[in-house]
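Let's walk through this one together, with the salt bridges as our way in. Keep the viewer open and follow along as we go.

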Amino acid sequence: MMTRAIKSEFRKLFTTRLWWGMAIGIFLAGAAMAALFAFVVTASTPGAEGTPQGTKSQMANLVYTGGLSMAYVLTMTIGVLSIGQEYRHQTITSTLLAVPRRATAMIAKVISLLGIGAFYGIISLIGSVAVGASILASKGFSPFPGGDVFRTLALSLLVLGLWALIGLGAGILMKNQVTALLVMIGAAWIVEPLASLGLSFVSWGSKVVPYLPSAATSAIVNQPSQSPTVHQLSWWAGALVLIGYAAVLTILGMIRVQRSDVS
Amino acid sequence: MTATGRPIQIDGLTKSFGSFVAVDQLTCTMSPGRITGFLGPNGAGKTTTLRMLLGLVRPTAGTALIGGERYDQLANPLQTVGAALEATSFHPGRTGRDHLRVLAAASGVSDQRVDELLELVGIPAAARKRAGGYSMGMRQRLGLAAALLGDPGVLVLDEPANGLDPEGIRWLRGFLRHLSSEGRTIVVSSHMLSEVQQTVDDVVIINNGRMIRQGTIAELHGAPRTRVRTSDSAALQEALRSADLAATAGPDGALVVETDDHVRIGDLALGARLPIYELVAVQTDLETTFFELTEGTNRNLEGGDPR
């Protein structure tokens, strides 16, 4: 039952035009940001004002995952749409007729979104590693200065899946996909950066900032710290924080699906 | 006859939305090998009832079982029950064929079966275009194909004739007849009795969420009657009465006799030396019956007390 439901969820994504539009976006974001950061990293004098501070591995991580903040907003969008379109076009009815146990239907969505996140993660990495590594190498930098770079690449796949789940939960809770997209993209690109900037000026606030979703994401992929006053979480702590956000939103969403009438 | 059909048993089924009782203690049965018309005016609670049967809406009280099981307990739901609820629930950017393939994947049905069904409902080519451009008739046919995907023994179709042209309705009627003859349980909801009266064997009529009438279509027609016209109605009435045939005089002078035995009426008239000017079976106007059963009480039309 579960295997079939998961297969059905994958088919839902790959039978509309959304998936390749997203694939192109994620690929280009990965490639373009890798090019940008590769030039910044290789051109800057270490220690100069306004340049990213970090280890060689962190610099490589920044190159390869520079497009991640765009990519995760796109997989979050896929997460919102994976449920929002079902509500919008009432295909939730046929979904639940085929898989009437709602927990099964929802867990199938969760598993498929983690898979879809990894799939887009690979697309993003194809773009960013191809472009980033060749620029780094051509400037005489080691493209893979440490083994932890590979850990970062692997974890970036998880990051995109977790953001898709954040989107899924938000999509269920807000039900209207346009509202959910506006709220979530606004939160990710406007509210959160402003909040973390504001919070970093106050002492208690700078303790909160590392736990915000985007800061946790940077920590997972071990990019250089954004702000000298804010301490970045270790990669595994960042992963736990982001898993926490995804789990809370997904579980709240599943409870709502379990209880609500579909009409 | 295959033994695939399971009975649908609805018992005390109730759904309240706040203080509004959409379905009120509904009890009825729908049997294998028969087409049941589930009838009522718009807003009578038909769709809510079907959605409770299919596990989409949680009943406030009562049960709706398919062969003794709740829909969400079925091991292979689409292989047991096929449902077409509303003809508009397709993603406009996905082709009709892919819509079926998504459901096929969820229920372990092959893509080959998908293509067979598209042939069967007559839209094999159109189903390769995006569903956004489909006509109502095509949506109905695609919905029917989705319902038949798992070759289920129970079919639940909500207003399946909506948007079909007369040829399509004729095709649907023959198709449902064929499926029913294989022993399947078929439920067809409609707000118009005339739309389904030639298709259905049984009727369940509800209004304001409550059962109004359940029985065969023949029972709804009532006892057979014959209208007869002669030169002396009173004399013929007397002759019929002496043969234990009840007859009532209509305002136009014709008699309505409680039988469909035209030979007997003719013989009795001949015995009484009365001429026959007209001898014809009386057709019950089921639509009138339906309106009489459901009229004047529709809670959705009046602003006042819904009951």
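Over all chains, the structure holds 21 salt bridges, counting a side-chain nitrogen of Lys or Arg within 4 Å of a carboxyl oxygen of Asp or Glu. One of them joins the side chains of B:Arg210 and B:Asp24, at 2.9 Å from N to O. This pair links distant parts of the chain: B:Arg210 sits in strand β9 of chain B and B:Asp24 in strand β2 of chain B, 186 residues apart. Helices (H or I, at least four residues) and strands (E, at least two) are DSSP runs numbered from the N terminus.

A word on the ground rules. This is a predicted model, where local features need pLDDT of at least 70 and side-chain atom pairs count only at pLDDT 80 or more, while totals for chains, interfaces and linings use all residues. Residues are numbered from 1 along each chain as its sequence is written, chains are lettered from A and ligands numbered from 1 in the order in which they are written, and side-chain values use heavy atoms, with hydrogens and water left out.

Now for the sheet that holds β2. It is an open sheet of three strands in chain B, ordered β2-β1-β4, with antiparallel pairing; two strands pair if DSSP finds at least two bridges between them. At the edges are β2 (20–30) and β4 (61–66) of chain B, each pairing on one side only. Neighbouring strands here are turned by 20 degrees against each other on average, direction ignored; the axes are lines fitted to C-alpha atoms, for helices over the stretch in contact, and angles run from 0 to 180 degrees between N-to-C directions. Strand β1 (residues 8–17) of chain B is joined to β2(B) by seven bridges, and B:Gln9 has B:Thr29 in β2(B) as its bridge partner. Packed on this sheet is helix α1 (residues 46–53) of chain B, touching β1, β2 and β4 of chain B, with its direction at about 115 degrees to that of β1(B). Contact here means heavy atoms within 4.5 Å.

The other end of our salt bridge takes us to another open sheet of chain B, with six strands in the order β5-β6-β7-β3-β8-β9 and mixed pairing. Both β5 (81–84) and β9 (210–216) of chain B have a single partner strand, so one side of each is left without a neighbour in the sheet. The twist averages 15 degrees from one strand to the next. At the β5 edge, four bridges join β5(B) to β6 (residues 154–158) of chain B in parallel, with B:Ala83 opposite B:Val156. At the β9 edge, β8 (residues 202–207) of chain B pairs with β9(B) in the antiparallel sense over six bridges. These two strands form a hairpin with two residues between them, and B:Asn208 in the turn has a positive phi of about 50 degrees.

What happens between chain A and chain B? The contact takes 29 residues from chain A and 37 residues from chain B. About 2,800 Å² is buried between them, 52% of it from carbon and sulfur atoms; this is the accessible area (1.4 Å probe) that two parts lose on being put together, summed over both. In chain A, A:Arg4, A:Arg11 and A:Leu97 lose the most area to chain B, together 23% of what that side buries. Two salt bridges cross this interface, and A:Arg11 meets B:Asp111 in a salt bridge at 3.2 Å, N to O.
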